[in-house]
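Subject: Structure for you to look at

Hello,

Here is the structure I said I would pass on. Please open it before you read the rest of this message.

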Amino acid sequence: MFENIDDALKLFDEMTQRQPLPSVVKFNQLLQAVTKMKHYSCSVEIFKQMNVIRIPVDVYTITIVINSCCQMYHTREGFAALGNGLKHAVLPNVWTFSTLLNGLILEDKIIKAERLFKKLIKKELFEPDTIMYNTMIKGLCKFGINDTAIALLKLMDERGCKPDVVTYTTIIDSLCKVKMVDDALKLFKEMVFHKYIQPNVVTYNSLIHGLCNLCRWDEVSKMLQEMKEEKISPCVETYNILVDALCKEGMVEDANGVIKLMIQRGIDLDIVTYTSLIDGYCLRGEMSKAREVFDSVEIHGVVPNIITYSSLLNGYCKNLKIEDAMHFFHEMIKKDMKPDVITYTTMLQGLFRVGHCKDAYDLFNEMRAHNEIPDGCTYTIVLEGLCNNNQVEEALSLFHLMGDNKLNLDIVVYTILIDGASKSGKIDIARILFNEVSVKGLQLDVWTYNVMISGFCREGLVGEAKKLFYTMETNGCPPDSVTCNAFLQGILKNQQHDFVEMLLKEVEGRGFTLDATTVSLLLDHIKARSLDASLLKLIGKLVPKEGVDAPCFTV
DNA sequence: TTAGGGTTAG
């Protein structure tokens with residue numbers, strides 16, 4: 001409708017001068033056009049101006065403005081607009097409240113959304129329609145409350161409000177995101193065969209994404225075939241899901257094959273396509289290829305965003321090219337992109353990896369100065385970075401400085417500190433932290449045990465390690481392959497050969513395998529005759545066999 | 001003659 005926002009504002013000015021004034025519909029159309037251009041604050045300004053010069057508004061006007069407020073995460077202002085409408089005798093309807101409900105959900109105010117939804121049902125002002133139910137279901141799904149979402153799906157059906165493809169797709173997608181793809185497929189079948197609702201490309205995208213995440217490639221192929229039979233064309237999102245899945249599996253050539261298909265079929269690559277590809281090359285350590293793609297993005301008329309930059313930074317950091325990472329970090333700032341928590345965390349990890357602790361710590365402070373609040377991941381990386389760079393004391397003091405917040409109650413954080421303390425010879429501190437875990441009401445996990453057992457073995461405290469090993473099962477945390485390998489290595493290094501055979505049988509009984517380090521250590525001890533050669537037969541059985549399932553599908 | 005909901009990348 002408009003080339004740019006100025007044209008819209010010019011038209012608004014002109015409309016306000018006309019005698020007689022254009023109808024409210026004309027103003028609503030203008031307001032909606034501005035909103036569709038995502039100039040939400042402009043839309044709100046126009047509405048305020050309309051009020052000042054007393055241009056009449058109706059429920060459409062109010063709903064459009066509420067939507068603008070909600071899209072800016074200012075739902076409170078949306079409610080104010082609702083009040084403003086009431087003052088002018090504009091009665092809200094199911095559209096108005098769906099919009100407000102959506103706003104609350106955008107801001108993660110699920111309790112408030114639920115309360116509003118229940119109030120609306122109770123007051124019986126109007127019966128919620130499919131879209132209002134869908135909005136509420138989306139909110140529940142966003143918080144992983146899938147059971148209630150499914151219950152609401154059943155309820156709406158009972159109350160005579162027909163669910164549609166969006167209702168089902170919302171829940172299917174949510175189930176796929178928590179890897180419950182089989183439940184999602186069940187719901188998909190219910191939708192198609194019992195409710196006779198046709199799936200669309202979005203439904204397929206959600207399922208394909210879920211299947212890709214579980215590496216269920218055969219079923220991905222089947223879904224793509226099914227789409228073809230149903231004459232549902234894959235869209236850019238469908239291709240992007242495949243490109244990303246292939247890149248994450250390291251199959252960048254195949255991802256490029258999909259991209260070639262996209263171009264053949266006239267599908268425009270977008271920034272998501274390029275970002276996945278960059279990430280794929282980074283993952284394989286092919287940084288010059290990643291860089292090549294990055295440089296080509298703008299040539300193709302696509303603008304890199306903060307995620308694209310973060311992917312590239314992550315690639316440079318993981319491949320220990322911190323200078324390059326720094327260069328692009330500064331470049332993105334120069335281009336007026338504000339690094340977010342993930343960007344900072346990526347850089348911090350890179351700096352710690354190459355041992356630039358001071359730079360890392362400065363950046364950590366810089367991030368807080370820019371009001372980017374470190375999350376659990378950031379703290380984990382900083383603590384781990386300090387521990388790995390022989391600064392366990394600093395890590396411990398930061399940990400205590402964090403106080404008794406959620407992070408201090410994170411088993412991952414504890415495990416890092418226990419590992420750090422024991423690796424720097426502070427086994428007593430490690431032991432104290434280990435005991436603190438249960439006191440704080442946290443559940444010890446297998447990784448924590450593994451770290452502590454390795455720590456004890458490193459200090460020659462095989463007795464303590466053994467005691468811990470045998471309490472794992474009863475504490476509801478049975479040893480895994482890593483525990484057994486770590487413990488075996490500890491036993492061998494401490495020349496406690498009597499346990500070796502028993503432990504190998506344990507490995508066999510639990511269906512685990514030996515890792516390369518353990519095998520070579522075992523062989524060394526057999527060569528040195530400190531272990532009996534008769535163990536070789538058992539060891540041979542415990543060496544892992546190769547076998548991979550690679551994706552292969554035709555789009 | 002105008003308003004609300006579901007899918008992809010760090």
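Below is what was found in it, starting with the chain as a whole.

Please keep in mind that this is a predicted model.

The protein chain

Chain A has 555 residues, and 47% of them are buried. Its secondary structure consists of 31 helices and zero strands. Along the principal axes, the C-alpha atoms fit a box of roughly 105 × 55 × 55 Å. The accessible surface of chain A is about 28,800 Å², and carbon and sulfur atoms supply 55% of that area.

One further value describes how the chain meets itself. Of the contacts in chain A with a separation of 6 or more, 60% are between residues 24 or more positions apart.

The DNA strand

Which residues are the closest to DNA strand B? They are Asn28, Asn134, Asn205, Asn240 and Ser310, out of 54 residues that surround the strand. Of the atoms of DNA strand B that come within 4 Å of the protein, 41% belong to sugar and phosphate. Sorted by class, the residues of the protein surface near the strand are 26 polar, 16 nonpolar and 12 charged.

Three individual contacts are worth finding on your screen. In Ser310, a polar side-chain atom lies 2.5 Å from a base nitrogen of DNA strand B. Asn305 also places a polar side-chain atom by a base nitrogen of DNA strand B, at 2.7 Å. For Lys177, the partner is a phosphate oxygen of DNA strand B, and the distance from a polar side-chain atom is 2.8 Å.

The aromatic rings

There are 14 aromatic pairs in the structure. One of them joins Tyr316 and Phe328, with ring centres 5.8 Å apart and planes at 10° to each other. Why does this pair count as stacked? An angle under 30 degrees between the planes counts as stacked, so the 10° of Tyr316 and Phe328 qualifies.

Where do the two residues sit in the chain? Tyr316 is in helix α18 (residues 306-318) and Phe328 is in helix α19 (residues 322-334), so the pair ties together parts that are 12 residues apart in sequence. Both Tyr316 and Phe328 are buried. The two rings also belong to a cluster, in which ring pairs link Tyr316 and Phe328 with Phe294 and Tyr309.

Regards

Methods:
Residues are numbered from 1 along each chain as its sequence is written. Chains are lettered from A and ligands numbered from 1 in the order in which they are written. This is a predicted model: local features need pLDDT of at least 70, side-chain atom pairs count only at pLDDT 80 or more; totals for chains, interfaces and linings use all residues. Side-chain values use heavy atoms; hydrogens and water are left out. A residue is near a molecule or strand if one of its heavy atoms lies within 4 Å of it. A polar contact is a pair of N or O atoms within 3.5 Å; within protein, one must be able to donate a hydrogen and the other to accept it, and residues adjacent in sequence count only if both atoms are side-chain atoms. Ala, Val, Leu, Ile, Met, Phe, Trp, Tyr, Cys and Pro count as nonpolar, Asp, Glu, Lys and Arg as charged, and the others, Gly among them, as polar. Rings of Phe, Tyr and Trp (its six-membered ring) pair if their centres lie within 6.5 Å; planes under 30 degrees apart count as stacked, over 60 as edge-to-face and the rest as tilted. Helices (H or I, at least four residues) and strands (E, at least two) are DSSP runs, numbered from the N terminus. Buried means under 20% relative accessible area, exposed over 50%, partly exposed in between (1.4 Å probe, protein chains only). Contact means heavy atoms within 4.5 Å. Accessible areas come from the Shrake-Rupley method with a 1.4 Å probe; for residues, only the protein chains shown count as cover.
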